[in-house]
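This briefing covers the open and enclosed spaces in one protein model and the surroundings of its ligand. The sequence and structure are shown first.

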Amino acid sequence: MTQGNGNHNGNGNRNGNGNGGSIITIIYYKNKNLINNGSSYLTSSTTPLDILLSPKYATKEEIDIAIREFIQIVGDDHVSCLEGDLEHHSDSFYNAHKALKTQKPRAIVYPSCTQEVSAVMKICHKYHIPVVAFGGGTSIEGHYVNTRNGISLDLSRMDRILEFNKNDLDVVCDAGVGWQDLNEFLSPHNLMIGVDPGPGAQLGGMTSCNCSGTNAFQFGTMKENVIGLEVVLADGTIITTRQRPRKTSAGYNLTGLFIGSEGTLGIITKVKLKVHVKPENEGIIEIQFESIEDATNSVKNLIQKNIKLNAIELLNNKMMQSLNLSKQLAHIYEEKATLFLKISGASPLITKETIKQIKFVITDNNATYFKVATNDLEKQEIWSARKLALWSAIQYGKSVLGNDAQSISTDVAVPISDLPEIIKLTEHDIEQTDVVGVIVGHVGDGNFHSCLSFNAENEKKAWEIADKCVERAVIQFQGTCSGEHGIGYGKRKYLELELGSQTIDLMRRIKMALDPLRILNPDKILKIDPADIGEH
Ligand SMILES: Cc1cc2nc3c(=O)[nH]c(=O)nc-3n(C[C@H](O)[C@H](O)[C@H](O)COP(=O)(O)OP(=O)(O)OC[C@H]3O[C@@H](n4cnc5c(N)ncnc54)[C@H](O)[C@@H]3O)c2cc1C
């Protein structure tokens with residue numbers, strides 16, 4: 001238990017004595033500020049940042065004691081303090097918001113079941129140890145950077161598919177199950193899951209980011225696919241948000257609360273997930289255009305005409321160039337604005353009819369090339385080109401600007417009718433600078449990424465392009481700063497721009513209600529410490 005500091009109490013409100021809420025409130029709020037504008041923060045509905053005291057976390061010595069206790073729970077082999085492991089759990093090639101050298105966990109703990117997660121959380125709660133959950137480590141907004149040098153809780157040992165309810169089209173899985181492994185399991189049953197994020201991502205991390213991917217246009221994001229969750233709360237309490245009904249009006253939507261919460265509200269240990277019958281007679285189409293406007297207008301028209309598509313992916317000419325340069329593809333593409341579409345139908349006749357409708361729309365929009373992949377190899381080649389986009393965009397930046405080049409990626413989503421305008425403006429902004437930028441997106445959902453690579457000289461310009469893109473999306477077009485990647489550490493300022501400070505203050509109130517000690521993934525999504533001067 002943390003000693004000798006009047007600002008915090010190692011027992012928190014674990015005793016459930018009914019007074020916990022108000023004790024915590026008094027301890028963690030600046031007493032002198034409790035009354036503001038005639039209303040007390042004890043009775044108000046939101047928690048502005050400036051009424052909080054800075055959180056107090058365990059000392060290094062206390063963490064060392066806790067590590068011995070973790071070993072009692074998960075075993076010696078499942079706690080690591082090896083430098084390589086600490087680094088792997090701090091940062092990655094894809095992470096756009098690099099961890100500082102000092103931002104590393106002190107230990108990695110690998111629990112094997114919910115009870116172990118709960119026991120570990122109780123220890124962390126007792127000593128006020130920051131806990132950053134870790135899934136596949138594929139998130140890209142600095143989500144799992146250890147800003148407070150606590151522990152990383154790696155769920156990868158929890159990798160069991162616990163229930164396969166084929167007749168109900170759902171599964172119940174441990175949080176550490178990888179989506180590709182799950183698809184491999186489902187494939188012989190002609191089933192699949194609805195989302196396809198970065199390779200290696202796991203269900204817990206995917207739920208925490210509300211991820212999606214190329215198939216979301218047809219099947220929705222994690223929000224539409226998760227039926228219920230098992231979650232371990234900050235004090236070790238285990239809860240279930242929902243059983244397995246397809247619909248419910250019963251009480252608060254706690255499942256929704258944890259989806260997209262990025263490990264800041266609880267540790268997800270089990271995920272109940274919808275599965276889908278694989279589309280029949282699936283075809284993949286490649287279409288090219290002379291201009292990006294023609295491509296994006298086609299997208300708008302295809303959707304407005306309600307043509308049944310399973311996925312619509314846009315890659316601009318620079319993105320196609322970077323794919324060609326990657327030398328990972330079976331053939332070289334023309335470097336023009338390109339759409340990759342997925343279609344399907346109950347019979348080949350229906351897909352044929354869909355193709356006819358698509359041709360009609362794209363001809364109107366001056367398409368220069370149209371190809372339907374005819375066999376599995378061709379289909380796979382086209383889709384793997386799309387899946388290579390982020391990697392090849394980053395490599396492209398490095399090849400032009402040198403190996404030290406870094407990359408950031410915008411992730412805005414706007415109403416579909418505004419898509420052509422915002423993409424045109426963003427492409428124009430990139431062209432005005434020496435920043436290396438490509439555009440790629442799941443445009444059926446109005447979501448696109450401008451992947452911007454920069455070096456020390458043009459870093460400021462890259463951020464200006466990103467800022468402008470987000471400002472347009474959220475102010476001019478009523479969109480969002482993040483369609484699928486989440487906020488992490490890197491997009492906090494954009495979230496405030498999008499929603500306003502009072503909405504963020506409400507989110508902070510929810511955070512403080514569930515995690516009053518602020519030990520769960522501190523500093524992500526929103527600021528929790530008035531001393532935090534991070535600019536993002
Ligand atoms: C090449 C590439 C392509 C990508 N493409 C897409 C795409 O098309 N669509 C898309 O949406 N995303 C995409 N992503 C982003 C990424 O794959 C997703 O954000 C994914 O959801 C992250 O899952 P993860 O298991 O890797 O989570 P991690 O990176 O391990 O963690 C992400 C966040 O969730 C928290 N977390 C992890 N596990 C848990 C848990 N059990 N309980 C509570 N919190 C937890 C972490 O603390 C962290 O804040 C891509 C990434 C890469 C590298």
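The points below deal with the largest pocket, the ligand and the largest cavity in turn.

The model is predicted. Its largest pocket holds about 1,100 Å³ of space and lies between domain 1 (161-277) and domain 2 (283-476), because both give residues to its lining. The ligand has 96% of its accessible area covered by the protein. A search of the whole structure finds 1 cavity of 30 Å³ or more.

**Largest pocket**

- The lining of the largest pocket is made up of 50 residues.
- Nearest the centre of this pocket are Thr138, Pro197, Gly198, Pro199 and Ala201.
- Three strands and four helices are listed as giving two or more residues to the lining: strand 5 (131-134), strand 12 (267-274) and strand 19 (436-442), together with helix 5 (179-186), helix 6 (203-209), helix 13 (376-387) and helix 14 (389-401).
- Helix 6 provides the largest share of the lining, 5 residues.
- By class, the pocket lining has 23 polar, 21 nonpolar and 6 charged residues.

**Ligand surroundings**

- There are 36 residues around the ligand, and those that come nearest are Ala133, Gly135, Gly136, Thr138 and Ser139.
- Thr138 appears both among the residues nearest the centre of the largest pocket and among those nearest the ligand.
- At Ala133, a polar backbone atom is 2.6 Å from an oxygen atom of the ligand.
- At Ser139, an N or O atom in the side chain is 2.6 Å from an oxygen atom of the ligand.
- Gly198 has a polar backbone atom 2.9 Å from an oxygen atom of the ligand, and Gly198 is also one of the residues nearest the centre of the largest pocket.
- On its own, the ligand has 980 Å² of accessible area, of which the protein covers 96%.

**Largest cavity**

- About 70 Å³ of space lies in the largest cavity.
- Its lining consists of His97, Glu141, Ile408, Ser409, Thr410, Trp463, Ala466, Val470, Gly490, Lys491 and Tyr494.
- Strand 18 (406-409) and helix 16 (459-476) each supply at least two of these lining residues.
- Helix 16 gives the most to the cavity lining, with 3 residues.
- The cavity lining divides into 5 nonpolar, 4 polar and 2 charged residues.

Definitions and conventions: Residues are numbered from 1 along each chain as its sequence is written. This is a predicted model: local features need pLDDT of at least 70, side-chain atom pairs count only at pLDDT 80 or more; totals for chains, interfaces and linings use all residues. Side-chain values use heavy atoms; hydrogens and water are left out. On a 1 Å grid over the protein atoms alone, a cavity is a set of points where a 1.4 Å probe fits but cannot get out, and a pocket is an open set with protein on both sides within 12 Å along at least five of seven lines; lining residues have an atom within 4 Å of a point. Grid points are joined across faces, edges and corners, and a volume is the space filled by probe spheres set on the points. Ala, Val, Leu, Ile, Met, Phe, Trp, Tyr, Cys and Pro count as nonpolar, Asp, Glu, Lys and Arg as charged, and the others, Gly among them, as polar. Domain bounds come from an automatic or database domain assignment. A residue is near a molecule or strand if one of its heavy atoms lies within 4 Å of it. A polar contact is a pair of N or O atoms within 3.5 Å; within protein, one must be able to donate a hydrogen and the other to accept it, and residues adjacent in sequence count only if both atoms are side-chain atoms. Accessible areas come from the Shrake-Rupley method with a 1.4 Å probe; for residues, only the protein chains shown count as cover.
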